[in-house]
Amino acid sequence: MSDPGSWLLGLGLLALVVGLIVYWLIALVVLIIPTWRICDRAGFSGALALFHLLPGIGSLIVLAVLAFGTWPNGEGKPADRGGQ
Amino acid sequence: MDWMGTLMAGLVGAKIAVAIIPLLVLAATTWMTWRIVEKAGFPGYVGLLTLTILIPGIGWLIWIVLHWVLAFMAWPRDGVPAAATGYLPAGSRGPAQPLPSGGFGMPAPSGPALTGPAPSAPALAPPQPAPQAQIGGHGPTTAPAALTYAPAVHSPGWALGLDGQPAPVLTFGETIPTLTVTGSNGTGDLVVIDPSVASPHARFHVLPGRLGLEDSGSPGGTFIDGAQLLPIHGVREITASRRLRFGTVELTLNRT
């Protein structure tokens, strides 16, 4: 018979993996789909939205590219952008 | 007991970092969202809606809903689809039709109505001057050199002008559905002799009291009040716009 502690450790690891998969699925639905469309409309590859799968820093990377990159499909009028 | 003091200082520093880092991330996120919504054509302060994530309990849900709304709603940057505005579809010059008011940039002819295969290069009865306006001279100049044709003013209609020149470069009435802007190698209604202007470069779409513009995929680009117009945007409303740029040539747009 195995040590009950090992069983608990195994269950904990399984829960962690399942939790990560669930996190990725939720991220896929609620973040990646709209971000994919935003990137697409901006002119970037929609695959940029996959950075959301990177926990923590991934969403910031997508935001930074959209915020500071020049949109290939054109941007709004400068007058709308704080009178630039 | 120096190590105790160091440990305590480290713990306090860690606690401050734990409190500050989320605030910094939130501030950076809000700033970047501000810029993104501006680029989509909305006022930048709409990006402050990012702060709804601070609402306890449902804040994150509101934030996600707003994310979806931004992704799938119409953006001011995209303008209004031509089909919804009544303009001819992008790329279309419209059917051949009479030019009852004598075309653009010209006094009304006294002769019979003129017809042509397309209004982009209308034939006008002699001894009328050439029907097209031309900007610039020959050679690889990047700035339009001179006005070579001073047209008559149509009213109601539109006038295109150059900075520093009181007379418009081109005026046109509201009877012609489209006008083509072209470079020196093409034929069109407004010939801009400048290496940055393609042939064809862009096309105006005219409706009563309204004006639209589409880009023809020109390498030099077409800009409306500083914002680039791309072929995928189709026909964009420019009735309220005042500055147009074809390549490096900037023109003013006014109502006559």
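# Exercises on a two-chain predicted model

Among contacts in chain B between residues at least 6 apart in sequence, 46% join residues at least 24 apart. The model is predicted. Work through the exercises with the structure open.

## Exercise 1. Take stock of the chains

Task: How many helices and strands does chain B have, and how many does chain A have?

Solution.
- Step 1. Chain B has three helices and 12 strands.
- Step 2. Chain A has two helices and zero strands.
- Step 3. Add burial. In chain B, 36% of the 256 residues count as buried. In chain A, buried residues make up 26% of the 84 residues.
- Step 4. Add the contacts. For chain A, take contacts between residues at least 6 apart in sequence: 37% of them join residues at least 24 apart.

## Exercise 2. Trace the sheet

Task: In what order do the strands of the six-stranded open sheet of chain B lie?

Solution.
- Step 1. The order is 3-2-12-11-8-9, and the pairing is antiparallel.
- Step 2. Find the edges. They are strand 3 (170-172) and strand 9 (227-229) of chain B, each paired on one side only.
- Step 3. Gauge the twist. On average, neighbouring strands of this sheet are turned by 25 degrees against each other, direction ignored.
- Step 4. Start at the strand 3 end. Strand 2 (residues 158-161) of chain B runs antiparallel to strand 3 of chain B, and three bridges join them. Here B:A159 has B:T171 as its bridge partner.
- Step 5. Move to the next pair. Strand 2 of chain B pairs with strand 12 (residues 249-255) of chain B over four bridges, in the antiparallel sense. In strand 12 of chain B, B:A159 is partnered by B:N254.
- Step 6. Go to the other end. Strand 8 (residues 222-224) and strand 9 of chain B share three bridges, again antiparallel. B:T222 stands opposite B:L229 there.

## Exercise 3. Follow strand 7

Task: Why is strand 7 (residues 210-215) of chain B described as largely enclosed by the rest of the structure?

Solution.
- Step 1. Count the buried residues. Five of the six residues of strand 7 of chain B are buried, so the strand is largely enclosed by the rest of the structure.
- Step 2. Look at one partner. Strand 6 and strand 7 of chain B pair antiparallel over six bridges, with B:L207 opposite B:R210.
- Step 3. Inspect the turn. Two residues lie between the strands of this hairpin, and B:G209 takes a positive phi near 80 degrees.
- Step 4. Look at another partner. Strand 10 (residues 236-237) of chain B runs antiparallel to strand 7 of chain B, with two bridges joining them. B:G212 has B:E237 as its bridge partner.

## Exercise 4. Place a cis peptide bond

Task: Where in chain B is B:P200 found?

Solution.
- Step 1. B:P200 is in the loop between strand 5 (190-192) and strand 6 (202-207) of chain B.
- Step 2. Check the bond before this proline. From B:S199 to B:P200 the peptide bond is cis, with omega near 0 degrees.

## Exercise 5. Find the cores

Task: Which residues touch the most other members of the largest nonpolar core?

Solution.
- Step 1. This core has 33 residues; B:L160, B:L190, B:V192, B:L213, B:I224 and B:F246 touch the most other members.
- Step 2. Take B:F246 in detail. Leaving out residues up to four places away in sequence, B:F246 touches B:V181, B:V192, B:V197, B:H201, B:A202, B:G220 and B:T222.
- Step 3. Look elsewhere. A second, separate core has 21 residues, including A:W36, A:A42, A:L48 and A:A49.

## Exercise 6. Read the contact between the chains

Task: How many residues does each chain give to the contact?

Solution.
- Step 1. Chain B gives 29 residues and chain A gives 21 residues.
- Step 2. On the chain B side, helix 1 (2-39), helix 2 (59-72) and strand 9 give two or more residues. Helix 1 of chain B gives the most, with eight residues.
- Step 3. Sort the chain B side by class: 16 nonpolar, eight polar and five charged.
- Step 4. Examine a helix pair. The axes of helix 2 (residues 57-68) of chain A and helix 1 of chain B come within 8 Å and cross at roughly 35 degrees. The crossing is left-handed.
- Step 5. Name the residues that meet. Helix 2 of chain A brings A:L60, A:L63, A:A64, A:L66 and A:A67; helix 1 of chain B brings B:A28, B:T29, B:M32, B:T33, B:R35 and B:I36. By class, this helix contact has eight nonpolar, two polar and one charged residues.

How values were computed:
Residues are numbered from 1 along each chain as its sequence is written. Chains are lettered from A and ligands numbered from 1 in the order in which they are written. This is a predicted model: local features need pLDDT of at least 70, side-chain atom pairs count only at pLDDT 80 or more; totals for chains, interfaces and linings use all residues. A nonpolar core is a set of buried Ala, Val, Leu, Ile, Met, Phe, Trp, Tyr and Cys residues joined through C-beta atoms within 7 Å. A residue is buried if 20 or more other C-beta atoms lie within 10 Å of its own, exposed if 12 or fewer, and partly exposed in between; C-beta atoms are placed from the backbone. Two residues are in contact if their C-beta atoms, placed from the backbone, lie within 7 Å. Two strands pair if DSSP finds at least two bridges between them. Axes are lines fitted to C-alpha atoms, for helices over the stretch in contact, and angles run from 0 to 180 degrees between N-to-C directions. Ala, Val, Leu, Ile, Met, Phe, Trp, Tyr, Cys and Pro count as nonpolar, Asp, Glu, Lys and Arg as charged, and the others, Gly among them, as polar. A crossing is left-handed if the near helix is turned anticlockwise from the far one by less than a right angle, and right-handed if clockwise.
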